[in-house]
Amino acid sequence: MPMLKVGEATVEVAQGTRLAVAIEQAGVEIGHRCGGHARCTTCRVAFADGEPTTMTHAEYAKLVERELLGQYRLACQITCDHDMTITEVPMTKASQNWTDTGPALEAEVTPEAVFLPLDQLT
């Protein structure tokens with residue numbers, strides 16, 4: 001099973017778990033204000049190690065629109081299939097003074113997750 005390190009926490013997560021869900025399992029209340037549909041970027045994260053080499057069209061389009069491509073990835077659009085280390089989770093319940101993190105996340109990546117190599121998206 002993949003290991004996820006977020007800040008001081010390291011957790012083992014089930015293969016295929018959405019990264020945003022795994023980050024919550026590590027005790028970080030990450031934002032997902034759009035419910036994990038790649039519409040808001042509140043689940044953006046930065047990687048120190050293990051950044052996926054694939055991306056969904058939805059993630060690519062939203063990162064380009066918000067001028068965040070190359071800086072962040074969307075945790076709602078990534079599944080845990082290998083070890084990862086996250087260095088930054090900028091939008092959390094505490095950091096944004098939210099009363100909640102957003103609608104509950106579905107188990108599967110939405111919209112339809114077709115993961116493409118990064119070089120096919122640019």
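Leaving out the residues within four places of it in sequence, Lys62 touches Ala38, Arg39, Thr41 and Leu74 in this predicted model. Lys62 belongs to helix 2, which covers residues 57–65, and, because its relative accessibility is 10% and the limit for a buried residue is under 20%, Lys62 counts as buried.

One of the residues that Lys62 contacts is Leu74, and this residue leads to the sheet, since strand 6 spans residues 73–74. The sheet is an open one of five strands, arranged in the order 2-1-8-4-6 and with mixed pairing. Strand 2 (9–12) and strand 6 stand at its edges with a single partner strand each, so one side of each of these two strands is left without a neighbour in the sheet. At the edge formed by strand 2, the pairing is with strand 1 (residues 3–6), to which strand 2 runs antiparallel and is joined by four bridges; within this pair, Leu4 has Val11 of strand 2 as its bridge partner.

Towards the other end of the strand order comes strand 4, which is made up of residues 44–49 and includes Val45. Buried or exposed, how does Val45 count? Val45 counts as buried, because its relative accessibility is 0%. Again without the neighbours within four places in sequence, the contacts of Val45 are Leu19, Ile23, Ile30, Gln71, Tyr72, Arg73, Ala75, Ile86, Glu88 and Val89, and among them Arg73 lies in the edge strand 6. A further distance concerns Met91, whose C-alpha lies 8.6 Å from that of Val45, although 46 residues separate the two in sequence.

Notes: Residues numbered from 1 in each chain as written. Predicted model: local features only at pLDDT ≥ 70, side-chain atom pairs only at ≥ 80, totals over all residues. Heavy atoms only, no water. Buried < 20%, exposed > 50% of the residue type's maximum accessible area, 1.4 Å probe, protein only. Contact = heavy atoms within 4.5 Å. Pairing = 2+ DSSP bridges.
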